[in-house]
Amino acid sequence: MSPAAKKPWRRAFIEITDACNLSCSFCPAFFLRPPQPKGGVNPADIAPPGRSFMSAELFERIAAQAAPLAEMVSLHVLGEPFMHPRLPELLGICSRLGLKVNLVTNGVLLDKFGPGLFGEKCLRQFSFSLRALAGLPAETRKGHLARLARFALEKPGGLITAFRLRGEKWEPFVAETKAELQRLLPGAREGGGGEWMELAPGAFLNYGRMFNWPGESGPPREEGCLGLRHHFAVLCSGLVVPCCADYSGEMAVGDAAREPLAGILGSPRAAALRGAIAGKTPRPPLCLNCGFIR
């Protein structure tokens with residue numbers, strides 16, 4: 001594939017760890033809902049129990065295979081990437097492979113590895129999940145917001161900063177967080193009819209509603225989604241799943257620790273699941289009440 005050729009997927013999610021420094025009430029955990037495979041690969045057969053960190057060796061192998069397949073790599077499914085002790089090394093691998101990386105983080109550990117981390121040439125976007133700060137004491141939360149605001153002003157040129165704020169706009173946490181960011185960044189201005197805000201050059205606040213995770217109660221979903229068409233995900237165990245909502249690997253179509261990634265994504269199993277997720281055939285049980293697409 002030539003460098004200018006369009007790649008088959010817009011985004012690949014690679015989960016480098018499922019460990020996190022926070023315990024958010026809205027975030028699911030592996031132990032709360034044991035994997036129940038529905039005709040796919042059984043995670044219990046191939047995923048080492050209790051594994052929390054993807055090795056640098058496995059990451060490099062998967063990242064190298066994802067490079068010709070996806071336009072962007074997001075280090076995200078569950079977990080906080082700054083918890084990975086070898087994060088600088090992993091980003092160095094991405095830079096060497098010529099990947100474009102979106103680093104999704106709660107921002108609390110932003111300074112753990114020093115400012116040199118932010119200069120990695122692979123980095124295209126930092127996405128800060130502000131909802132993760134909701135459970136922190138108010139003064140602690142303000143301190144973290146102040147640090148993130150400084151980052152928005154001091155970040156390297158060309159690096160996009162996306163502040164993601166989930167919840168209803170009238171909700172106290174959402175309203176207070178927005179007001180605090182406006183105070184810290186007085187040049188902020190509304191955009192898109194109030195649907196987003198430009199906080200500083202290259203830094204944006206994006207709103208979104210809370211959603212129910214697959215497997216939770218909720219109304220049946222009628223629309224299909226873009227799993228395995230627009231994006232795919234690789235869990236820290238190596239399991240390949242259609243999206244970041246399948247955090248426990250229930251719909252895994254293969255194991256990238258053992259099989260070539262392109263072969264997994266091009267397999268009849270992946271094709272069948274792609275059609276089911278899109279609504280061309282009966283949807284998988286896990287997808288029926290997933291609220292993310294809403």
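**Close-up 1. Burial of W9 and its ring partner F232.** In this predicted model, W9 has a relative accessible area of 9% and is therefore buried, the cut-off being under 20%. F232 is buried as well, at 0% relative accessibility. The two rings have centres 5.4 Å apart and planes at 85°; because that angle is over 60 degrees, the pair is edge-to-face. W9 belongs to strand β1 (residues 9-14) and F232 to strand β9 (residues 231-234), so the pair links distant parts of the chain, 223 residues apart. The count of aromatic pairs in the model comes to 9.

**Close-up 2. The aromatic cluster that includes F118 and F126.** Five residues are shown: F118, F126, F128, F151 and F163 form one aromatic cluster. Within the view, F118 and F126 make an edge-to-face pair, with 5.8 Å from centre to centre and 75° between the planes. Both F118 and F126 are buried. F128 stands opposite F163, a residue of strand β5.

**Close-up 3. Strands β4, β5 and β8.** Strand β4 (residues 123-129) pairs with strand β5 (residues 160-166) in the parallel sense, over 5 bridges. Helix α4 (residues 138-154) joins β4 and β5 in a right-handed β-α-β unit. Strand β5 also runs parallel to strand β8 (residues 203-208), and 6 bridges join β5 to β8. At this second pairing, A162 stands opposite F204 in β8.

**Close-up 4. K169 and the ring of Y207.** K169 lies over the face of Y207. The distance from K169 to the ring centre of Y207 is 4.5 Å.

**Close-up 5. The buried side of helix α2.** Helix α2 spans residues 56-66, and its buried residues are A56, L58, F59, I62, A63 and A66. These residues cover an arc of only 155° around the axis, so they are on the same side of α2. What does this set of buried residues in α2 pack against? The elements in contact with the buried residues of α2 are β1, β2 (70-75), α3 (87-97), β9 and α6 (261-265). Two of these elements appear in Close-up 1: W9 is in β1 and F232 is in β9.

Key:
Residues numbered from 1 in each chain as written. Predicted model: local features only at pLDDT ≥ 70, side-chain atom pairs only at ≥ 80, totals over all residues. Heavy atoms only, no water. Phe/Tyr/Trp six-rings, centres within 6.5 Å; stacked < 30°, edge-to-face > 60°. Helix = DSSP H or I, 4+ residues; strand = E, 2+ residues; numbered from the N terminus. Buried < 20%, exposed > 50% of the residue type's maximum accessible area, 1.4 Å probe, protein only. Lys NZ or Arg CZ within 6 Å of the ring centre and 35° of its normal. Pairing = 2+ DSSP bridges. Right-handed = clockwise from strand over helix to strand, strands pointing away. Arc of directions from axis to C-beta. Contact = heavy atoms within 4.5 Å.
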